[in-house]
Amino acid sequence: MSGAPRLGFALVRTEAELDAIRRRVVNVVGHALRTPVTTLCGMADELARRADDPEARAVLADGVRRNARIVEQLLDDLLLASDVSTALPVAESADIDLAARARDVWDGYGDARSLAITGEGRAHAAPPVVEGALTKLLDNAHRYSDGAVAVAVHADNGRVVAEITSVGGLPSEAEIPLCTEAFFRGEHAVMRCPGLGIGLTVARALAQHAGGDVVITVTGDRFIATLDLPS
Amino acid sequence: MMKVIRVVVVDDERDVRTLLRLQLESAGFSVVGEAADGAEAITMCKDLEPDAAVVDLLMPGTTGFEAIPELRRTNPTMAIVAYTAVAGDFVRAEMARLRIPLLLKSGDPSTLALKLRELVED
């Protein structure tokens, strides 16, 4: 008799936990989609109203394209974070210069902070997979760190490693193991800017697909994302 | 003749700022400035002395939560509307505590326009 109530209680509690997770996921997905979808709706209305204003229409058309791509990227990220392999890029393996790609990605942010890059090394994998993983890790540093960002690349024994180190904006000790969990966002991240909490999850999924991995560590005031790939 | 209300829009998303500018100008407002975060908004509102500010809450750098009390101090007569994508319990409670009207971002600007007129003309 004593086993059944315990089992029943455990099932009820698990259901409640699953319900909480479901609500959390729907909440963050809704939040991330709300801004680009709302912007698309508003811009579509303005495009329709401004038939005689080519200057405004050009600005709006750019905005529609940009926000449609944001939604498309969100969709891909959601599928990858949910371990749906159909969203994985398809491409032949090639040699990719990680330092050069990191420079290109960072320059695209227009961030006033300069990116310090040391070392060199080439990954050998499908370019969109490697570039996707690297971009997600740099996005994370760009969005959440307060101080300097650096990339150190080194190759050894058939592997290449890129360590992306950023200062500040740290998760708490308890949050560190959860950083690559899908839909988890640390307290600092939530207060800082909107997001799905899947960037590091997607980086890790892509790296693992390429035969590598992503590991997150915190040392002092430094957040370190280590991307390990075959070279 | 209806007064032209001078507005500053504050949002980290450039496209949201662009859309708000076009929508509010179509509705008869004058958008006198666009700020990408709370710190820029504080400086801009001090300089431009707008009638109203439309402020996003979650932004990198100085958030709307941090900027609104300072905007209240530096521009005490300026109307402020919090304009956010999603409003959870914390956001609703915090805006109620600060007595700041809270509106959800929408493709339809009419609710925002009505609220701005109500706040500035009352």
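This is a conversation about reading cavities, a pocket, salt bridges and a surface patch in a predicted model.

Student: Let's start with empty space. How does anyone spot it in a model?

Tutor: Rolling a probe the size of a water molecule over the atoms shows where empty space is left. Keep in mind that what we have here is a predicted model.

Student: How many cavities of 30 Å³ or more does a search of the whole structure find?

Tutor: Two. The largest cavity has a volume of about 50 Å³, and the second largest comes in at about 40 Å³.

Student: Which residues line the largest cavity?

Tutor: From chain A you have A:T38 and A:T39. From chain B there are B:V16, B:L19, B:L20, B:Q23, B:Y83, B:K105 and B:S106. Two elements give two or more residues to that lining: α1 (3-49) of chain A and α1 (14-26) of chain B.

Student: Which element gives the most to the lining of the largest cavity?

Tutor: That's α1(B), with four residues. By character, the lining splits into four nonpolar, four polar and one charged residue.

Student: And what lines the second largest cavity?

Tutor: Look in chain A for A:L137, A:N140, A:A141, A:I164, A:S166, A:L200, A:F223 and A:A225. Helix α4 (127-144) and strands β5 (159-167) and β7 (222-230) of chain A each give two or more of those residues. The top contributor is α4(A), with three. This lining has six nonpolar residues, two polar ones and no charged ones.

Student: Now for pockets. What volume does the second largest pocket have?

Tutor: About 430 Å³. A pocket is an open set of points, whereas in a cavity the probe fits but cannot get out. Of the 18 residues lining this pocket, the closest to its centre are A:N27, A:H31, A:R185, A:V190 and B:L58.

Student: Which elements each supply at least two residues of that pocket's lining?

Tutor: They are α1 and α5 of chain A, together with α4 of chain B. The most comes from α1(A), which gives four residues. Sorted by character, the pocket lining has eleven nonpolar, four polar and three charged residues.

Student: You mentioned A:V190 at the pocket. Where else does A:V190 turn up?

Tutor: In a nonpolar patch on the surface, which A:V190 forms with A:M191 and B:F90. Together they have about 250 Å² of accessible area. A:M191 is found in helix α5 (residues 187-192) of chain A.

Student: Is A:M191 buried or exposed?

Tutor: In between. A:M191 counts as partly exposed because its relative accessible area is 34%. That clears the bar for patch membership, since patches are made of residues with over 30% relative accessible area and no salt bridge.

Student: Speaking of salt bridges, how many does a search of the whole structure find?

Tutor: Over all chains, 24. To read one, look for a side-chain nitrogen of Lys or Arg within 4 Å of a carboxyl oxygen of Asp or Glu. Take B:R97 and B:E94, whose closest N and O atoms are 2.7 Å apart.

Student: Where do B:R97 and B:E94 sit relative to each other?

Tutor: Both are in helix α4 (residues 89-98) of chain B, and because they are three residues apart, about one helical turn separates them. Their surroundings contrast: B:R97 is exposed, with a relative accessible area of 57%, while B:E94 counts as buried at 17%.

Student: What about A:R49 in chain A, which partner does it have?

Tutor: A:R49 forms a salt bridge with A:E46, the closest N and O atoms being 3.1 Å apart. Those two also lie in one helix, α1 of chain A, three residues apart or about one turn. A:E46 is buried, at 4% relative accessible area.

Student: Which pair links distant parts of the chain?

Tutor: Try A:R101 and A:E131, where the closest N and O atoms are 3.3 Å apart. A:R101 is in helix α3 (residues 98-107) of chain A, and A:E131 is in helix α4 of chain A, 30 residues apart. A:R101 counts as partly exposed at 22% relative accessibility, and A:E131 is partly exposed too, at 26%.

Conventions
Residues numbered from 1 in each chain as written. Chains lettered and ligands numbered in written order. Predicted model: local features only at pLDDT ≥ 70, side-chain atom pairs only at ≥ 80, totals over all residues. Heavy atoms only, no water. Patch = residues over 30% accessible without salt bridge, like charges linked within 9 Å, V, L, I, M, F, W, Y side chains within 5 Å. Areas by Shrake-Rupley, 256 points an atom, 1.4 Å probe, with all protein chains shown as cover. Buried < 20%, exposed > 50% of the residue type's maximum accessible area, 1.4 Å probe, protein only. 1 Å grid on protein atoms, 1.4 Å probe; cavity = no way out; pocket = protein on both sides within 12 Å on 5 of 7 lines; lining within 4 Å. Points joined across faces, edges and corners; volume = space filled by probe spheres on them. Nonpolar A, V, L, I, M, F, W, Y, C, P; charged D, E, K, R; others polar.
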